[in-house]
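Visitor: I am new to this structure and should be grateful for a close look at a single part of it. Please describe that part in detail and then place it within the whole.

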Amino acid sequence: MRYLRRVIVFTILFVLPVFLYLKTASPTINGYADSAELATAAYKLWAAHPPGYPLFIFLGHLATKLPIGSVAFRLELFVAVMAAATVVLLYYLLRMFSNSGFLAAYGALIIGLSPAFWRYGHTVEVYALNMFFINLLLLVLMK
């Protein structure tokens, strides 16, 4: 029963943000900051402006190979998945410090749906991937 409840919570914390990020994403690459340059670099497997963001470019290139939607949608899906995975990791971190799973889930969703986090949850930028790795590092350090 406890395992099933945890799976349901993780599923909600992952699926809800991905759905909302993609629902509000631009159908094409928007002109925000370096989105067009990063999308082109990921698609062509080129280096972006310094520092080049090699991990984002490589993972983004793999995402462009998915057989769904346009290249822009595939990259926005990749970014949305990274941002939603960050929300799940954040829940796990908050759960370590809280006796309440509800409060941890609520806190993770509040941060995941905040305007600043939301902007980078559906924009082709490196921030969602960076947030994922920062939370993963925190989780590993806390374990």
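Guide: Tyrosine 53 is found in the loop between H2 and H3 of this model, which is predicted. Its phi is near 50°, a positive value in a residue other than glycine. Most residues other than glycine have a negative phi, and most peptide bonds are trans. With a relative accessible area of 24%, tyrosine 53 is partly exposed, because the buried class requires a value under 20% and the exposed class a value over 50%.

The loop that holds tyrosine 53 runs between helix H2, residues 35-44, and helix H3, residues 54-64. Leucine 45 also has its place in the loop between H2 and H3. Phi of leucine 45 is near 60°, again a positive value in a residue other than glycine. As for its surroundings, leucine 45 is partly exposed, and its relative accessible area is 44%.

Proline 51 belongs to this loop between H2 and H3 as well. The peptide bond that joins proline 50 and proline 51 is cis, with omega at about 15°. The loop thus offers three details for inspection: the positive phi of leucine 45, the cis bond between proline 50 and proline 51, and the positive phi of tyrosine 53.

The setting of this loop is a protein with 7 helices and 0 strands. Read along the sequence, its pattern is α-α-α-α-α-α-α. The radius of gyration is 16 Å, close to the 15 Å that the globule rule gives for 143 residues, so the protein is as compact as a globular protein of that length. Along the principal axes, the C-alpha trace spans about 45 × 30 × 25 Å.

Of the 143 residues, 39% count as buried. Among contacts between residues at least 6 apart in sequence, 66% join residues at least 24 apart. The protein exposes about 8200 Å², of which carbon and sulfur atoms supply 72%. As to charge, the mean positions of the 10 positive and 4 negative charges are 21 Å apart.

For a residue within a helix, one may turn to leucine 22, which lies in helix H1, residues 2-23. Leucine 22 is partly exposed, with a relative accessible area of 21%. Leaving aside residues up to four places away in sequence, leucine 22 touches Phe73, Glu76, Leu77 and Ala80. From leucine 22 to isoleucine 12, the separation is 10 residues in sequence and 15 Å in space, C-alpha to C-alpha.

Conventions
Residues are numbered from 1 along each chain as its sequence is written. This is a predicted model: local features need pLDDT of at least 70, side-chain atom pairs count only at pLDDT 80 or more; totals for chains, interfaces and linings use all residues. Side-chain values use heavy atoms; hydrogens and water are left out. Helices (H or I, at least four residues) and strands (E, at least two) are DSSP runs, numbered from the N terminus. The radius of gyration is taken over C-alpha atoms; the globule rule is 2.2 Å times the number of residues to the power 0.38. Buried means under 20% relative accessible area, exposed over 50%, partly exposed in between (1.4 Å probe, protein chains only). Contact means heavy atoms within 4.5 Å. Accessible areas come from the Shrake-Rupley method with a 1.4 Å probe; for residues, only the protein chains shown count as cover. Lys and Arg count as positive and Asp and Glu as negative; His and the chain ends are not counted. The place of a charge is taken as NZ of Lys, CZ of Arg, CG of Asp or CD of Glu.
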